[in-house]
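Let's take a walk through a protein together. Keep the picture handy and follow along as we go.

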Amino acid sequence: MTEKITNSIGMTFVFIKPGTFIMGSPSGELERYDNETQHQVTLTRGFYMGETEVTVGQWRTFARDAGYRTEAETGSGAFVWTWKWEKKEGAYWDNPGFAQSENHPVTCVSWNDVQAFIRWINRKEGADYRLPTEAEWEYAARSGSESAFSGGGITKTDCAHDPVLDSLGWYCGNSGGKTHPVAQKNSNSWGLYDMHGNASEWCQDWEGDYPSG
């Protein structure tokens with residue numbers, strides 16, 4: 001199996017081998033939500049995961065080629081993070097409310113927008129792209145680690161400087177309230193960047209309570 005592949009618009013994907021891991025977090029972990037019940041998950045098939053988040057430049061290629069306008073553009077704006085999620089009229093992927101380059105992660109795109117992107121790139125590449133499931137995403141983010149972050153545990157909360165998180169991602173304590181170009185922080189041990197911050201990421205499946213088994 002090829003370890004990495006790069007497609008025609010510059011997206012690089014890393015092969016993630018199948019395996020078993022503990023999904024969720026222990027009850028004593030800082031910042032834990034009540035619905036993060038730990039349970040064993042086995043992924044029986046390997047898959048390719050984007051090395052970085054989809055960038056503004058890659059999204060622009062799609063939008064121009066497909067003539068696509070996002071739900072934020074055709075509706076009343078997008079939800080943006082201003083210490084809480086708020087709907088902002090006029091916000092969309094090319095106008096998120098802060099300066100960005102072509103190498104920043106694309107934001108202000110809905111799950112439906114992403115499905116349109118996937119349909120476009122599948123036609124373009126003759127491939128079978130999809131979003132990861134939540135289990136695949138967490139497995140890839142953990143990259144073999146059982147700690148809160150792939151590089152270690154949580155030491156600080158409430159946007160205070162956490163040296164482990166600071167080395168891996170952009171978050172409220174170091175981002176300045178905006179995104180940053182992808183792959184500027186350290187990757188996890190499987191070669192994936194920005195799995196602990198920068199932008200929120202969509203998964204393919206639904207939100208629901210974790211099973212007990």
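Which residue forms a salt bridge with Lys 4? It's Glu 51, and the closest N and O atoms of the two are 2.7 Å apart. One thing to keep in mind as you look: this is a predicted model. Lys 4 sits in strand S1, while Glu 51 is in the loop between S5 and H1, so their salt bridge ties together parts that are 47 residues apart in sequence. Glu 51 counts as buried, at 15% relative accessibility, whereas Lys 4 is partly exposed, at 45%.

That pair has company, as the structure holds seven salt bridges. Another one links Asp 166 and Lys 185, with 3.6 Å between their closest N and O atoms. Here Asp 166 belongs to helix H5 and Lys 185 to the segment after H5, so parts 19 residues apart in sequence get tied together. Lys 185 is buried at 15% relative accessibility, and Asp 166 is partly exposed at 21%. Then there's a little network: Arg 60, Asp 94 and Glu 102 are joined by salt bridges that share partners.

One more salt bridge takes us to helix H4. The side chains of Arg 130 and Glu 136 meet at 2.8 Å, N to O. Arg 130 is partly exposed, with a relative accessible area of 45%, but Glu 136 is buried, with just 8%. Glu 136 fits right in with its helix: H4 runs from 134 to 142, and seven of its nine residues are buried. Tyr 139 and Ala 141 are among them. What do these buried residues pack against? They pack against four strands: S2, S3, S4 and S5. Just after the helix, Ser 143 takes a positive phi of about 45 degrees.

Now for the inside. In soluble globular proteins, nonpolar side chains tend to be buried together. In this model, the largest nonpolar core has 18 residues, and Trp 59, Trp 93, Phe 117 and Ile 121 have the most contacts inside it. Helices H1 and H3 each supply at least two of the core's residues, and H3 gives the most, with six. A second, separate core has 15 residues, including Val 41, Leu 43, Ala 141 and Tyr 210. Back in the largest core, have a look around Trp 93: beyond its neighbours within four places in sequence, its contacts include Trp 59, Ala 63, Val 106 and Cys 108.

Speaking of cysteines, how many disulfides does a search of the whole structure find? Just one. Cys 159 and Cys 172 form it, with their sulfur atoms 2.0 Å apart. The torsion about their S-S bond is about -110 degrees, so this disulfide is left-handed. Both partners are partly exposed, Cys 159 at 32% and Cys 172 at 33%. Why doesn't Cys 108 bond with Cys 172, its closest cysteine by sulfur distance? Because the two sulfurs are 18 Å apart, which is too far for a bond. Cys 203 is in a similar spot: the closest cysteine sulfur, in Cys 108, is 19 Å away and also too far.

Let's finish on the surface. Phe 79, Trp 81, Trp 83 and Trp 85 make a nonpolar patch of about 580 Å² there. Phe 79 is found in strand S6 and counts as exposed, at 52% relative accessibility.

How values were computed. Residues are numbered from 1 along each chain as its sequence is written. This is a predicted model: local features need pLDDT of at least 70, side-chain atom pairs count only at pLDDT 80 or more; totals for chains, interfaces and linings use all residues. Side-chain values use heavy atoms; hydrogens and water are left out. Buried means under 20% relative accessible area, exposed over 50%, partly exposed in between (1.4 Å probe, protein chains only). Contact means heavy atoms within 4.5 Å. A nonpolar core is a set of buried Ala, Val, Leu, Ile, Met, Phe, Trp, Tyr and Cys residues joined through side-chain atoms within 4.5 Å. A disulfide is a pair of cysteine sulfur atoms within 2.5 Å. Patches are made of residues with over 30% relative accessible area and no salt bridge: like charges are joined within 9 Å, nonpolar side chains (Val, Leu, Ile, Met, Phe, Trp, Tyr) within 5 Å. Accessible areas come from the Shrake-Rupley method with a 1.4 Å probe; for residues, only the protein chains shown count as cover. A salt bridge is a side-chain nitrogen of Lys or Arg within 4 Å of a carboxyl oxygen of Asp or Glu.
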